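I set aside this session to go through one model and write down what I looked up, entry by entry.

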Amino acid sequence: MRTLITNGRIVTAEGSYEADVLVEGETIAQIGRALADSGVNADETIDARGRYVIPGAIDVHTHMELPFGGTFAKDTFESGTRAAAFGGTTTIVDFAVQSRGKSLREGLDAWHAKAEGNAVADYGFHMIMSDVNDNTLKEMDQLVAEGVPDFKLFTAYPGVFYSDDGAIFRAMQRTRDNGGLIMMHAENGLAIDVVAADEVAAGHTDPYYHGVARYPIFEGEATNRVIRLAEAAGVPVYIVHLSARDALDEVRAARDRGAMAFAETCPQYLFLSLDDMKHGFEGAKFVCSPPLRPADHQADLWRGLVKDDLQLVATDHCPFDFEGQKDLGRGDFRKVPNGLPGVEDRVDLLHDGGVIGGRISRERWVEIIATAPARLFGMYPRKGAVAVGSDADLVIYDPNRKRTISARTHHMDVDYSCYEGRQVQGAAEAVLSRGSVIVRNGAFTGRKGHGQFIKRGTADFARLG
Ligand code: URP
Ligand code: ZN
Ligand code: ZN
């Protein structure tokens, strides 16, 4: 199958220019001006005049079917990758979970079983490590060899995913030898639990107090601590879902002194704020960790993206229905399952708020949604590029189309939207995954099982020397 995309403006992290793109099978075969005039023929031609042609976006932080707080994140690999595709995201990297007392292998096998034959677009895995011990440390080497080279550890959620400093340091030491990357959820969970208990004892049980109890300084402290541990181990570290100025200051200071510190933020921290958590139990719709911050943190995060102290934006997509799931926490905010839906909206929110909002260039937009994720997570240039030989994961993007985000029209399997009623400019018109058109003009044209596991390389890009 040959598909010719004509007259589009190719936008990459490096620059933009007008050219045609020939897709042959699953890869990009040729890029050039007026390819049709020079005798190139194709089975199908897509006219992209007035549109951008960008690499399929990559979301390196999703939680399909994550067990949390006595329930499971609702999107499956089928519904979640389908929703992602509608929003222009053609690859996700999801977090497989090692449950306490079980092996990494069991956790990874369980995630392969959830995804295989179900995903409509490509996927990879990181591994959540709940237990660091001699056996799991050994298993890390095997996972790196299998293309699962990143390990998420937590300074939050005591009793669930929490690891102490010694465990974190041991895992970091291991990645010095096996080339893996430690990803950190950096909040001081032990201190947070003290404040949260005090709030509940004072009768402050609404979801808003979830946001209040998780002080920004607790995120700053933990971020500094894990970066210092990584420096001591001589390895890079990647901070997930950075939400607060306090944490960004630590990442910036670390980078300024030459540390291999990297970080992502998420749309919810750029577009939503602690004020959204008010309104009684409605605030449960916005319960995630780290929590939404006072609105004045947002400008710092945007500046972090401009200056590359934040390398990319991922969603931390982790959807729970308001009815039947979030309401497990009525009467005690500590029991609200943590997580927000978002995999479908990231590309458009960042185009609208970033490019149309005049905060970042369209090239930086492509970099933070596709190219930087591919580079940091061992997929470049197979993914994240519009280049000959790369996978034909391509989005024909209309930068002028306006749409209103709503749970009534989104494709994520969740009964509310955090962005209900927000108008955004920019939308994916056609989406190709390895050469197949999987979304066109708002209709799904893909197939369950088309998505393949992406065996990823190690994070050489994140290492000095
Ligand atoms: O609230 C969140 N972020 N839920 C998902 C689990 C995690 O910590 O990433
Ligand atoms: Zn986390
Ligand atoms: Zn997460």
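**Entry 1: the first zinc site**

I began with K152, which counts as buried because its relative accessibility is 2%. The model is a predicted one, and I keep that in mind throughout these notes. I then asked which protein atoms are donors to the zinc ion (ligand 2). I found K152 (NZ), H185 (ND1) and H241 (NE2), lying 2.1 to 2.2 Å from the ion. K152 sits in strand β11 (residues 150–154) and H185 in strand β12 (residues 181–185), so this pair ties together parts that are 33 residues apart in sequence. I also looked up the burial of H185 and noted a relative accessible area of 0%, so H185 is buried. Written as a spacing pattern, the donor residues of the zinc ion (ligand 2) read K-x32-H-x55-H.

**Entry 2: the second zinc site**

I moved to the other ion of the pair, since the zinc ion (ligand 2) and the zinc ion (ligand 3) are 3.9 Å apart. For the zinc ion (ligand 3) I listed H61 (NE2), H63 (NE2) and D316 (OD) as coordinating, at 1.9 to 2.1 Å. In sequence the donor residues of this zinc ion (ligand 3) follow the spacing H-x1-H-x252-D. H61 and D316 link distant parts of the chain, with H61 in strand β6 (residues 57–62) and D316 in the loop between β15 (312–313) and α11 (346–356), 255 residues apart. I checked burial here too, and both H61 and D316 are buried.

Is the site of the zinc ion (ligand 3) regular or irregular? I noted it as irregular, with angles of 88 to 139° among its 4 donor atoms. The upper angle is the reason, because four donors count as tetrahedral if all angles lie between 85 and 135 degrees.

**Entry 3: the cavity**

I next searched the whole structure for enclosed space and found 1 cavity of 30 Å³ or more. About 120 Å³ of space lies in this largest cavity. Of the 16 residues that line the cavity, the closest to its centre are H63, F68, Y157, D316 and N338. I note that H63 and D316 in that list also coordinate the zinc ion (ligand 3). By class, the lining of the largest cavity divides into 8 nonpolar, 6 polar and 2 charged residues.

**Entry 4: the pockets**

Turning to open space, I recorded a volume of about 480 Å³ for the largest pocket. There are 24 residues in its lining, and F68, G69, Y157, P158 and V160 are the closest to the centre of the pocket. I asked which element gives the largest share of the lining of the largest pocket. That element is α5, with 4 residues, while β7 (67–68) and α5 (189–201) each supply at least two. The lining of the largest pocket holds 12 nonpolar, 7 polar and 5 charged residues.

The second largest pocket has a volume of about 270 Å³. Of the 14 residues in its lining, I listed F86, E344, R401, R403 and H411 as the closest to its centre. Strands β16 (394–404) and β17 (423–433) each supply at least two residues of the lining of this second largest pocket, and the largest share, 3 residues, comes from β16. I sorted the lining of the second largest pocket into 4 nonpolar, 6 polar and 4 charged residues.

**Entry 5: two helices**

I looked at helix α7 (residues 216–233), which has 18 residues and reaches 26 Å from its first C-alpha to its last, close to the 26 Å expected at 1.5 Å a residue. Many positions of α7 are listed as buried, among them F218, A222, R225, I227, L229 and A233. Charged residues appear in that buried list, including E219 and R225. Just after α7, I noted that G234 takes a positive phi of about 75°.

My last look was at A115, which lies in helix α2 (residues 104–115). With a relative accessible area of 0%, A115 is buried. A115 and E78 are 37 residues apart in sequence, and I noted 7.7 Å between them in space, C-alpha to C-alpha.

How values were computed. Residues are numbered from 1 along each chain as its sequence is written. Chains are lettered from A and ligands numbered from 1 in the order in which they are written. This is a predicted model: local features need pLDDT of at least 70, side-chain atom pairs count only at pLDDT 80 or more; totals for chains, interfaces and linings use all residues. Side-chain values use heavy atoms; hydrogens and water are left out. Donors are N, O and S atoms within 2.8 Å of the metal (3.2 Å for Na, K and Ca); water is not among the atoms, so sites may look incomplete. Four donors count as tetrahedral if all angles lie between 85 and 135 degrees; four count as square planar and six as octahedral if opposite donors are over 155 degrees apart and all others between 65 and 115; anything else is irregular. Buried means under 20% relative accessible area, exposed over 50%, partly exposed in between (1.4 Å probe, protein chains only). The expected span of a helix is 1.5 Å times one less than its number of residues. On a 1 Å grid over the protein atoms alone, a cavity is a set of points where a 1.4 Å probe fits but cannot get out, and a pocket is an open set with protein on both sides within 12 Å along at least five of seven lines; lining residues have an atom within 4 Å of a point. Grid points are joined across faces, edges and corners, and a volume is the space filled by probe spheres set on the points.
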